[in-house]
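Q: I'm new to this one and would like a close look at a single part of it. Could you walk me through one spot, then show me what else is worth finding on the model?

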Amino acid sequence: MQKSIEALRHSLTLDYDSARSMPAEFYTSEKLLEVEKDKLFTSQWLCLGRIQQIPKPGDYYATEVMGEPLIVVRTNMQTISVLSNVCRHRGSILVRDSGNTDTFTCPYHSWSYNIDGSLRRAPLIIDRPDFEPKKCRLPAFSSEVWGGFIYVNLDGTAPTLASQLEGLSNLIKNYHMSDMVELHSEESTWDTNWKCLTENFMEGYHLSTVHRKTLHPITPTHLCEHFPAGQGYFGYFSVFPDDLPQRGKFHPDLTTKERQRSVMFAIPPGHVAGVAGHKVTYLYIQPDTVDTVRVKRGIAFADPAISNDSLENAVDLFEQTMAEDKIQLANLRQGLHSRSVTTAPLAPANFEGNVLDFYQYLARHIL
Ligand code: FES
Ligand SMILES: [Fe+2]
């Protein structure tokens, strides 16, 4: 791990013209992965889904992040809570599905909880001086909603997400991403290190090669434009050719320039996305091992009444590009385990600047 630590420290002294790729160990070290799980995935904000998945009070879904079973529930029109999905009695998982309810009842001995996490009933346990039902509630994790996405911070120590994303919020406000509705979602495991996947999503250098037939006609490498990173994000604009027609409905607040580009952004450690006028595409990334990563992904649209044909085309394009990336990342995994892998200069800021932004984010949080 020492080489990676030194390289991360060194990255803080580099600018885009002197940036270099990391040693292979950065992507293969089990020790480093443990540090990342502790200092990033436990201590920063992780994305769990979209608010439109739970539009009505009582709507909920069970999920799990970094091994922690969670219930995401809308307690009223204004509030979404992220509760522990572990029974306070003897630790059973409470729910495994999604739906609408006013009570979570444990399948084991029927302890039941209100949707705010408070205990409703513990059958047959009465008059025990050492049992205070009011104190026995499902713990709530720190959570925040930003841009229509729901985030959790497992250890409750992260600075507020909104404060970390101020600059990004300004860049994307006219897209009205909060109103976009998820119409496609998928989940799979990829053979890659989680950082390779983040870097891959966030650099435009490979767009015109790996995605020659799919993305190159829409967002070619040579039109990519880097923008300055902030405390909790980094990103770039993937600009469309002038003659590319608008693809679907968009918000009237968008300027002509904003309509002709996607804002690609990463909210490390686990969330990357690209928002355009008509849709936002996104991945939620969770490392499993150094060489495998769980990828939840989706597309939310500005026009929820989009035609079936347009929806199918958008999903096909997205899944095709994902399949292209998946193959390339498996290639990379094999290469990174070779004896002869080395480090080299990164391409200019517009094309690989986000890779240095990512190293520097990691350095700030890990060192
Ligand atoms: S473990 Fe839940 S009621 Fe016993
Ligand atoms: Fe790609």
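A: Let's start with Q260, which counts as buried because its relative accessible area is 19%, and the cut-off for buried is under 20%. Keep in mind that this is a predicted model. To find Q260, look in the loop between α8 (256-259) and β14 (261-267). So what does the side chain of Q260 reach? The side chain of Q260 gets to the backbone oxygen of P241, at 3.1 Å. P241 also turns up among the contacts of Q260: leaving aside neighbours within four places in sequence, Q260 touches V239, F240, P241, D242 and L244.

Now hop over to the iron ion (ligand 2). Its protein donors are H206 and H211, each through NE2, plus D325, which is listed twice through OD. These donors lie 2.1 to 2.4 Å from the iron ion. Along the sequence, the donor residues follow the spacing H-x4-H-x113-D. Both H206 and H211 are buried, by the way. As for geometry, the angles among the four donor atoms run from 57 to 147°, and the site of the iron ion is irregular. Four donors would count as tetrahedral only if all angles lay between 85 and 135 degrees.

One more stretch to pick out: an unreviewed UniProt entry annotates residues 45-152 as "domain: Rieske". In the model, that span is 44% strand and 0% helix, and the C-alpha atoms at the ends of residues 45-152 lie 5 Å apart.

Definitions and conventions:
Residues numbered from 1 in each chain as written. Chains lettered and ligands numbered in written order. Predicted model: local features only at pLDDT ≥ 70, side-chain atom pairs only at ≥ 80, totals over all residues. Heavy atoms only, no water. Donors = N, O, S within 2.8 Å, 3.2 Å for Na, K, Ca; no water. Tetrahedral: all angles 85-135°; square planar, octahedral: opposite > 155°, others 65-115°. Buried < 20%, exposed > 50% of the residue type's maximum accessible area, 1.4 Å probe, protein only. UniProt positions renumbered as here; feature names shortened; annotations may be inferred. Helix = DSSP H or I, 4+ residues; strand = E, 2+ residues; numbered from the N terminus. Polar contact = N/O pair within 3.5 Å; in protein donor to acceptor, adjacent residues only side chain to side chain. Contact = heavy atoms within 4.5 Å.
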